[in-house]
Structure formats: structure tokens, C-alpha cells
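Biologist: Could you take me on a close look at the place where the two chains meet? I am new to this, so please explain the terms as you go.

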Amino acid sequence: MEVKVCVGTTCHLMGSATIIEEINQLPKEIADKITLKYATCFEVCHGQMKPPIIKIDDTYYENVTPEKVKQLIISKVSESK
Amino acid sequence: MRVFVFNEVMKMRRQIMLELAKNYEKGTLDQVIDKLPKEIMNDLQFTTSNSIYQEKEIIKQRIKIYLGMDYDITRDYELYELKDKLDDILSAKSELCATDKFVQTIKEGCDSCPSGRYYVTDLCRNCVAHSCQNVCPKKAITIENSRAKINPDLCVGCGMCAQACSYFSIVKLERPCERACYVNAIGKDEKKAAQIDYEKCVSCGACFVSCPFGAMETPSHLLRVMYGIKKGEKIVAIFAPAIVSQFGPKVSIGQIKQALKKIGFHDSVEVAVGADMVAHEEAEFLKNACDTVTTSCCPAFVEYIKKNQKDFVPKISPAPSPMTALSQKLKSENDDIKVLFIGPCIAKKMEAFLNKKIDYVMTFEELGTLFVAKGIEPSSMENEDIQGSESGWGFAVSGGVTNAVKLRLEKELKTLKMDGLVQAKETFNLAKKEKYDLIEGMACEGGCIAGPGVIVNPKVSSSNVKKIANIK
């Protein structure tokens with residue numbers, strides 16, 4: 001599973017750094033199943049989606065918080081089992 | 001070092017600034033300014049107990065502060081009244097502009113939270129011992145409904161009950177701003193809202209960081225800078241060493257340097273160059289100095305000495321701060337430029353106001369907003385070469401100045417470090433007992449990378465700065 005976190009300026013200002021921190025602190029059994037990538041602007045935030053934005057495989061998630069991302073990844077990983 | 005949590009106050013501040021900056025960039029600010037609070041309200045999801053009217057009022061006051069206006073003077077102004085005054089406000093000609101206050105309290109936003117009292121929490125188990133009741137010298141504690149209760153009329157706030165309780169069930173209620181302020185500059189006004197005593201305030205920004213309601217704000221130069229760019233001013237942007245890792249893992253300092261030029265600044269220069277000049281000057285001075293020298297880089301530290309340690313005023317280093325040193329150099333080479341300092345600091349606004357060598361001061365937060373408003377993505381810029389020595393970049397962390405000076409000196413130095421105003425009293429007590437050659441002072445614990453205007457967790461940026469500067 002590929003998790004892309006936008007580190008463009010808008011998302012960065014709205015807290016994407018804290019999301020990366022959260023992902024880096026995930027337990028090993030989950031961290032092993034994902035690849036974390038940094039992305040610059042997905043070009044979907046201008047007027048449509050609210051930053052910070054992440055992309056898991058092919059789906060965008062807007063207005064995420066560290067807690068939301070953690071839940072999301074954990075549930076996705078357990079689904080794919 | 002401060003525990004850095006990205007929170008809703010930061011988010012709100014950035015969103016409001018962003019709306020202002022975007023609208024100014026589009027040229028629509030004067031038309032929409034009175035509608036902005038409502039629009040922003042729709043975007044933000046508040047979970048406070050405030051009514052929408054109060055939230056709207058708070059946003060209104062914030063907008064005025066972000067435009068660079070003085071809260072105390074403009075408190076009663078409605079936003080529509082500013083429509084035809086915007087030019088005067090943004091060129092700082094208006095008498096409504098903030099001048100000598102660098103942190104202000106938005107009274108509408110202040111929760112007037114309780115302080116100074118002791119309070120028995122739910123943790124009280126109504127134990128057999130009742131030590132709290134027995135230890136209280138004023139007999140202020142009674143047991144009601146199976147729980148200890150403090151009579152506020154009798155309580156003198158000695159705190160002995162809190163120490164005596166085996167369950168730690170008695171706590172002291174403190175205001176976050178008061179607790180954070182190590183110079184005791186925060187009091188209360190007649191309505192019990194926080195009030196800053198500017199005779200004591202050193203503009204360090206600790207209250208700005210700590211207030212969970214975001215009621216402490218700093219008048220911004222962001223829109224003034226945008227106005228200056230639009231009017232064709234030749235602004236040179238100089239950025240503090242603490243900029244290391246502020247714009248995320250994908251952005252290098254060289255790219256930020258390039259991005260600043262893209263914004264429309266005449267040039268962009270690293271303050272690390274100024275730091276080298278200062279380190280050199282301080283080392284030269286220390287070669288022959290027979291008395292203690294204190295650093296002068298941190299304006300809040302200098303202000304602390306001026307206000308609280310008058311004996312040490314003559315000992316403040318004659319070298320200017322890196323910001324001032326660099327600005328003077330740039331202005332001597334080119335006399336029609338204006339200088340913008342970009343840093344993590346609120347106190348630099350005070351320094352700029354006092355010495356008049358710098359025209360604008362912005363925080364990294366504000367710079368981020370400016371990038372977004374201008375549609376510039378630093379990570380897509382080309383990488384420029386970086387000036388300044390390793391030790392110059394090290395000025396951003398506590399211990400960095402000492403390190404840079406020591407590198408330039410052959411003789412041994414006896415140094416003392418004040419890492420944060422929390423250590424101020426202790427440091428100066430030591431300095432009075434023994435003679436030290438150099439006292440390094442940083443008002444923010446951890447150094448500039450933990451300043452009030454940073455974007456990134458100081459833990460992350462601190463280790464990156466230390467790597468660059470070879471500080472262990």
C-alpha cells in the first residue's frame with residue numbers, strides 16, 4: 001500500500017508534518033505494509049479539497065488529522081489482509 | 001524545549017492570513033474585507049463554546065491585527081470602515097497601525113480562565129487521613145459530599161494541601177499565558193481578561209505560543225510587505241538560520257532562497273552571513289575583554305537584561321545582532337533598499353522598531369502564507385548556493401553562538417548558557433557569584449528553532465541544525 005503525503009506549502013502550513021510524524025510512529029507490523037512517500041502538490045486543493053491532503057493508492061483524503069490518518073491506515077491494512 | 005503540537009489555533013491563524021493574502025494578491029481585499037469573517041466562519045469548524053457572534057467578532061479583531069493594526073486603538077472599528085483606509089494602513093502611514101506593541105491580547109478571545117486558586121478535583125477519594133484539612137493553616141478545607149472543598153474566602157493559596165494529598169487530587173489553577181511568562185508581565189484587567197504589562201514585557205512570544213484560545217496575537221507585517229512589493233519597493237529578504245527544515249522534507253534552503261526572489265523580492269540573503277560577522281566581532285572583543293560579555297543576538301534576552309538585570313546592561317556585547325549587522329551591511333552597499341527579516345521571532349519586531357535598521361519583520365508562518373498566496377511552490381525551485389559558515393547556521397540553536405565564538409578564539413572561555421527565560425534567574429544568580437567570560441542567552445528554550453513563529457517541530461529542526469553546524 002502506498003501512502004503519499006502532500007508536503008506542498010499549503011498542506012505543510014496546515015499540518016502535514018504532524019501527519020508524517022504520526023505515520024513514522026506506527027507499529028512495525030503496520031509500517032512494514034506501507035510505503036510512505038512525500039509528494040508535492042497534488043493540484044486538487046485549489047478550491048476543491050481542503051488541505052492537508054493524502055493519497056492512499058488511488059484515493060485522495062482531504063482535511064486529515066494525524067488521528068484520522070492513523071485510523072485510516074490501520075483499517076486499510078487490516079482490510080487488505 | 002517546548003512541546004510542539006500543531007493545533008487549531010495555528011490552523012485558524014494561517015487560514016485567516018491566507019484569505020487576507022490571497023484577496024490582497026487578487027486585488028479584491030477592499031471589496032470583500034467586511035464579508036471575510038462570515039466566509040472564514042463557514043470554512044472553519046469551531047468546537048468552542050463561543051457563540052457564532054463571538055467567533056465572528058474574534059475573527060474581525062484578528063483580521064485587523066494581521067493587517068498590522070493596533071488592537072487597543074482599533075478595537076471599536078468595523079471592517080467596512082477600513083475599506084478606504086487600506087492604503088494608509090498598509091503603508092503604515094495610518095495612526096491606526098501598531099507601533100510599539102508586539103504582542104497584544106484579543107480581549108474578545110480571552111477566556112478569562114481561572115488562576116491563582118487551588119481546586120480539589122474528582123481524584124479526591126475522601127480518604128481517612130484528611131491530610132489536606134489538617135495541614136491547612138487557614139482551616140479553609142471542609143469535607144462536603146464526600147469530597148474536600150476549599151473555601152476561597154479563607155484560602156491564601158499556600159499550596160500545602162496540594163503537597164499533602166497522596167492522590168495529587170488538589171491542583172493549582174493557572175493561566176497558560178501567566179505560567180508561560182517568566183517575566184510576570186501578564187495581569188488582569190477589570191473584566192478579568194489577560195492584560196500585558198508592557199513595562200515588564202520582553203516580547204518573547206511565550207504567551208502567544210501558550211494561549212489555547214489564541215487570544216495573544218502579534219501585529220503582522222505580511223500585508224505591508226505585499227503592499228511594498230506591489231508598489232515596486234526594492235525589498236531584500238533576509239532569512240534567519242532557523243529556516244532549516246521549516247518548509248518540510250522536500251525543500252532545501254537553496255530552493256527557499258530562489259523562491260523568495262520569485263515572490264518579487266529584490267534579493268534574498270542568509271542571516272547566517274550576519275551571524276559570521278557577529279561571531280567574528282564578538283571573538284575579537286573577547287580577546288581583550290576583561291569583564292563578562294553577554295550575547296546580543298536574542299532581542300528578548302537583551303530586553304530582559306535591560307528590564308531585570310540592570311547591572312549587566314554595560315556587559316551586553318557591543319556587536320549588533322546578526323539581523324542588524326547584515327541589514328546595515330546591505331544598506332551600506334545599496335542605499336535605496338528596504339530590508340525584510342524572516343525568522344521565527346516576535347521579539348525581532350521589537351528590535352527592528354527600536355533600532356530602525358530593518359523595515360519589515362515576518363515569521364516563517366507568514367512566509368508560508370505568502371508562498372501560497374503568490375502560488376509559489378519552493379520545492380519546484382532550482383537549488384541556489386548557500387552562504388555562511390557552518391557555525392553561522394548554528395546560531396539557530398541554543399549553544400550555537402558560544403560554539404561559533406569559541407571556534408574563532410584560541411584562548412579558553414568560561415561560558416554560561418541561558419537556555420530559555422525559564423533559566424534567567426538561575427543564570428544571573430550564577431553570573432553574580434562567579435565571573436564568566438561569555439553568557440549566551442536565548443529567550444526561547446532550545447534556541448530560535450523553538451521560537452513562536454516556527455512551522456516545524458523544534459525537535460526535528462533542532463537536530464537538523466545541529467547536524468549542519470556540527471554541534472553535539
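**Where chain B meets chain A**

Modeller: Happily! Chain B and chain A bury about 1,700 Å² between them, with 65% of it on carbon and sulfur atoms; buried area is the accessible area (1.4 Å probe) that two parts lose on being put together, summed over both. This is a predicted model, in which local features need pLDDT of at least 70 and side-chain atom pairs count only at pLDDT 80 or more, while totals for chains, interfaces and linings use all residues. Residues are numbered from 1 along each chain as its sequence is written, chains are lettered from A and ligands numbered from 1 in the order in which they are written, and side-chain values use heavy atoms, leaving out hydrogens and water.

Now to the polar side of the interface. Between chain B and chain A there are six residue pairs in polar contact (both at pLDDT 80 or more). A polar contact is a pair of N or O atoms within 3.5 Å; within protein, one must be able to donate a hydrogen and the other to accept it, and residues adjacent in sequence count only if both atoms are side-chain atoms. On the side of chain B that touches chain A, the elements giving two or more residues are helix H1 (8–26) and helix H17 (364–374). Helices here are DSSP runs (H or I, at least four residues), numbered from the N terminus. H17(B) gives the most to that side, with five residues. The contact, meaning heavy atoms within 4.5 Å, takes 25 residues from chain B and 17 residues from chain A. As for salt bridges (a side-chain nitrogen of Lys or Arg within 4 Å of a carboxyl oxygen of Asp or Glu), the interface of chain B and chain A has zero.
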